[in-house]
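Biologist: I am new to reading protein models, and I would like some help with this one. Could we go through it together, feature by feature?

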Amino acid sequence: MRRSGLCHLGAGGHRHTGKTTLQDLATFLRGLEAGEPVSLDQLQEAWTEDTFDKGLDYGYGLWGVRPDGLSRLLSSPELIGVSGLTGSFAYLVPEYGAVITGTFDQTLYEEEHIVYLVTKVMPTLDRIATE
């Protein structure tokens, strides 16, 4: 069985530091967008819808964030990626071909970073996409 270099990189393997950087996660998400190690369709088939809350799907270790599932007032495209305890995040927005990575580096943002993404970042991407 062929081992995906992207999976190894996403796990922090190539840097040999034991730490995964935001750039590592962005590289992994770009690979995911290209169908490595699984296609986005396969990923969505494996998701459990509304895993922890409405609009938050989970499968294969990745989150699917559906803004319209979080609130009827939000209509941005879906985000696919990962979130960390300290408000770190790395998400792919397949509809726009965009990868968003960042961190608040504070445990206070464990959940609030999702609110930030869907209320601040996504409206900005929406505006850019329609220009």
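What follows is a conversation about how to read this model.

Modeller: Happy to help! Please keep in mind that this is a predicted model.

Biologist: Where should I begin? How many helices and strands are there in the chain?

Modeller: Begin with the elements. The chain has 5 helices and 6 strands. Read from the N terminus, their order is α-α-α-β-β-β-α-β-β-β-α.

Biologist: And what percentage of the residues count as buried?

Modeller: Of the 131 residues in the chain, 37% count as buried. For the outside, look at the exposed surface: it comes to about 7900 Å², and carbon and sulfur atoms supply 52% of it.

Biologist: Next, the interior. Why look for a nonpolar core?

Modeller: Because in soluble globular proteins, nonpolar side chains tend to be buried together. Here the largest nonpolar core has 15 residues. Among those with the most contacts inside it are Val 65, Leu 79, Tyr 91, Ile 100 and Leu 125.

Biologist: Which elements give two or more residues to this core?

Modeller: They are strand E3 (62-65), strand E5 (89-93), strand E6 (98-102) and helix H5 (112-130). The largest share, 6 residues, comes from H5.

Biologist: What is Leu 79 in contact with, leaving aside its neighbours within four places in sequence?

Modeller: Follow the list along the chain. The partners of Leu 79 include Trp 63 and Val 65, then Tyr 91 and Val 93, then Ile 100, and finally Val 118 and Met 122. Apart from this core lies another one, of 12 residues, with Leu 25, Leu 43, Leu 62 and Ala 90 among them.

Biologist: How do I see that distant parts of the sequence come together?

Modeller: Pick a residue and compare separation in sequence with separation in space. Leu 29 lies in helix H2. Its C-alpha atom is separated by 7.9 Å from that of Ala 90, although the two are 61 residues apart along the chain.

Biologist: Is Leu 29 buried or exposed?

Modeller: Leu 29 counts as buried, because its relative accessibility is 2% and the cut-off for buried is under 20%. Not counting residues up to four places away in sequence, Leu 29 touches Ile 80, Gly 81, Ala 90, Tyr 91, Leu 92 and Val 99.

Biologist: Could you give me another case to try?

Modeller: Try Tyr 96, in the loop between E5 and E6. Tyr 96 and Leu 125 are 29 residues apart in sequence and 8.0 Å apart in space, C-alpha to C-alpha. With 27% relative accessibility, Tyr 96 counts as partly exposed. Leaving out residues up to four places away in sequence, Tyr 96 touches Pro 77, Met 122, Leu 125, Asp 126 and Ala 129. For the chain as a whole, take the contacts with a separation of 6 or more: residues 24 or more positions apart account for 33% of them.

Biologist: Now for pockets. What is the volume of the largest pocket?

Modeller: The largest pocket has a volume of about 380 Å³. To find it, look for the residues closest to its centre: Leu 56, Glu 110, Glu 111, His 113 and Ile 114, out of 14 that line it.

Biologist: Which element gives the most to the lining of the largest pocket?

Modeller: That is H5, with 4 residues. Strand E1 (48-53) and H5 each supply at least two residues of this lining. By kind, the lining divides into 9 nonpolar, 2 polar and 3 charged residues.

Biologist: Finally, what should I check in the backbone?

Modeller: Look at its angles. The peptide bond from Glu 36 to Pro 37 is cis, with omega near -5 degrees. Pro 37 is in the loop between helix H2 (22-33) and helix H3 (40-46).

Biologist: Which value does phi take at Asp 50?

Modeller: Phi of Asp 50 is near 50 degrees, a positive value in a residue other than glycine. Asp 50 belongs to strand E1, and at 28% relative accessibility Asp 50 counts as partly exposed. Asp 105 also has a positive phi, near 55 degrees. Asp 105 sits in the loop between E6 and H5, and Asp 105 counts as exposed because its relative accessibility is 60%, with the cut-off at over 50%.

How values were computed:
Residues are numbered from 1 along each chain as its sequence is written. This is a predicted model: local features need pLDDT of at least 70, side-chain atom pairs count only at pLDDT 80 or more; totals for chains, interfaces and linings use all residues. Side-chain values use heavy atoms; hydrogens and water are left out. A nonpolar core is a set of buried Ala, Val, Leu, Ile, Met, Phe, Trp, Tyr and Cys residues joined through side-chain atoms within 4.5 Å. Buried means under 20% relative accessible area, exposed over 50%, partly exposed in between (1.4 Å probe, protein chains only). Contact means heavy atoms within 4.5 Å. On a 1 Å grid over the protein atoms alone, a cavity is a set of points where a 1.4 Å probe fits but cannot get out, and a pocket is an open set with protein on both sides within 12 Å along at least five of seven lines; lining residues have an atom within 4 Å of a point. Grid points are joined across faces, edges and corners, and a volume is the space filled by probe spheres set on the points. Ala, Val, Leu, Ile, Met, Phe, Trp, Tyr, Cys and Pro count as nonpolar, Asp, Glu, Lys and Arg as charged, and the others, Gly among them, as polar. Accessible areas come from the Shrake-Rupley method with a 1.4 Å probe; for residues, only the protein chains shown count as cover.
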